[in-house]
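User: I would like to learn how to read a predicted fold feature by feature, starting with how its strands are paired. Could you take me through it, giving the general idea before each case?

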Amino acid sequence: MARNEGNAIAQNKKARHDYAIEETFEAGMVLQGTEIKAIRARRVQLKDSFCRVQNGEVFLHNMHISHYEQGNRYNHDPLRTRKLLLHKKEINKLIGASKDPGYSIIPLKMYIKNGVAKVLIGVARGKKKYDKREDLKRKTAKREIEKAFRERQKM
């Protein structure tokens with residue numbers, strides 16, 4: 001998560017809770033018209049989005065980019081399917097991973113890098129309910145330890 005942490009435009013926080021991320025890829029996107037302006041205005045939602053491989057290309061479905069206020073009649077469709085730009089080796093890895101049962105490709109984060117909108121996608125395996133509970137226990141224990149450590153430092 002250290003990569004481009006400061007300039008994240010949108011993040012899919014639910015993805016890390018529901019899935020175990022095994023591998024991540026950085027992908028560019030094919031955008032139309034006013035989409036980049038809406039992205040720079042942080043009008044993006046990744047909550048229910050997913051990626052699908054079709055005919056050797058990767059597409060991002062259900063990502064919502066709101067209308068740009070000054071876009072008038074040239075505005076884009078908010079929920080349109082967007083093509084992701086990846087290298088052939090990365091696409092082949094995604095094809096292999098998506099064929100395995102229980103694995104899916106989901107977007108984790110969107111950010112702007114060198115003036116270009118990028119999306120961080122991950123190959124994820126769905127977590128069971130007990131895995132989620134275990135992660136929550138670990139997270140609360142870590143938080144309590146840090147809190148006790150800070151209180152000890154104040155003395």
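Analyst: Let us start with a single pair of residues: Gly28 has Leu85 as its bridge partner in β7. The model is a predicted one, in which local features need pLDDT of at least 70 and side-chain atom pairs count only at pLDDT 80 or more, while totals for chains, interfaces and linings use all residues. Residues are numbered from 1 along each chain as its sequence is written, and side-chain values use heavy atoms, with hydrogens and water left out.

User: How many bridges join β2 to β7, and how many join β2 to β9?

Analyst: Strands are DSSP runs of E with at least two residues, helices are runs of H or I with at least four, and both are numbered from the N terminus; two strands pair if DSSP finds at least two bridges between them. Here β2 is joined to β7 (residues 82–85) by 2 bridges, in antiparallel fashion, and to β9, also antiparallel, by 9 bridges. Within the latter pairing, Ala27 has Val119 as its partner in β9.

User: Which strands are joined to β8?

Analyst: β1 is joined to β8 by 3 antiparallel bridges, with Met110 in β8 as the partner of Ala10. Between β8 and β9, which run antiparallel, there are 10 bridges, and Tyr103 stands opposite Arg125 in β9. These two strands form a hairpin with 2 residues between them.

User: Is Asn114, in the loop between β8 and β9, buried or exposed?

Analyst: For a 1.4 Å probe and protein chains only, buried means under 20% relative accessible area, exposed means over 50%, and partly exposed lies in between. Asn114 counts as exposed at 75% relative accessibility, and its phi is positive, near 55°, although the residue is other than glycine. Asn55, in the loop between β4 (50–54) and β5, likewise has a positive phi of about 55° without being a glycine, and Asn55 is exposed with a relative accessible area of 80%. β8 itself is mostly covered, with 8 of its 11 residues buried.

User: Which residues touch the most other members of the largest nonpolar core?

Analyst: A nonpolar core is a set of buried Ala, Val, Leu, Ile, Met, Phe, Trp, Tyr and Cys residues joined through side-chain atoms within 4.5 Å. The largest such core has 27 residues, and Met29, Ile39, Leu84 and Ile121 touch the most other members. Among the elements that supply at least two residues each are β1 (8–11), β2 (19–29), α2 (35–40), α3 (88–99) and β8 (103–113), while the largest share, 4 residues, comes from β9. Apart from this core lies another, of 6 residues, among them Ala15, Ile106, Tyr111 and Ala124. If contact is taken as heavy atoms within 4.5 Å, Met29 touches residues including Ile39, Leu60, Leu84, Met110 and Val119, its neighbours within four places in sequence being left aside.

User: What lines the largest pocket?

Analyst: Rolling a probe the size of a water molecule over the atoms shows where empty space is left. On a 1 Å grid over the protein atoms alone, a pocket is an open set of points where a 1.4 Å probe fits, with protein on both sides within 12 Å along at least five of seven lines, and lining residues have an atom within 4 Å of a point. The lining here includes Lys13, Arg16, His17, Lys132, Asp135 and Leu136, and it divides into 1 nonpolar, 1 polar and 8 charged residues. The elements giving two or more residues are α1 (13–18) and α4 (129–154), and α4 gives the most, with 6 residues.

Methods. Nonpolar A, V, L, I, M, F, W, Y, C, P; charged D, E, K, R; others polar.
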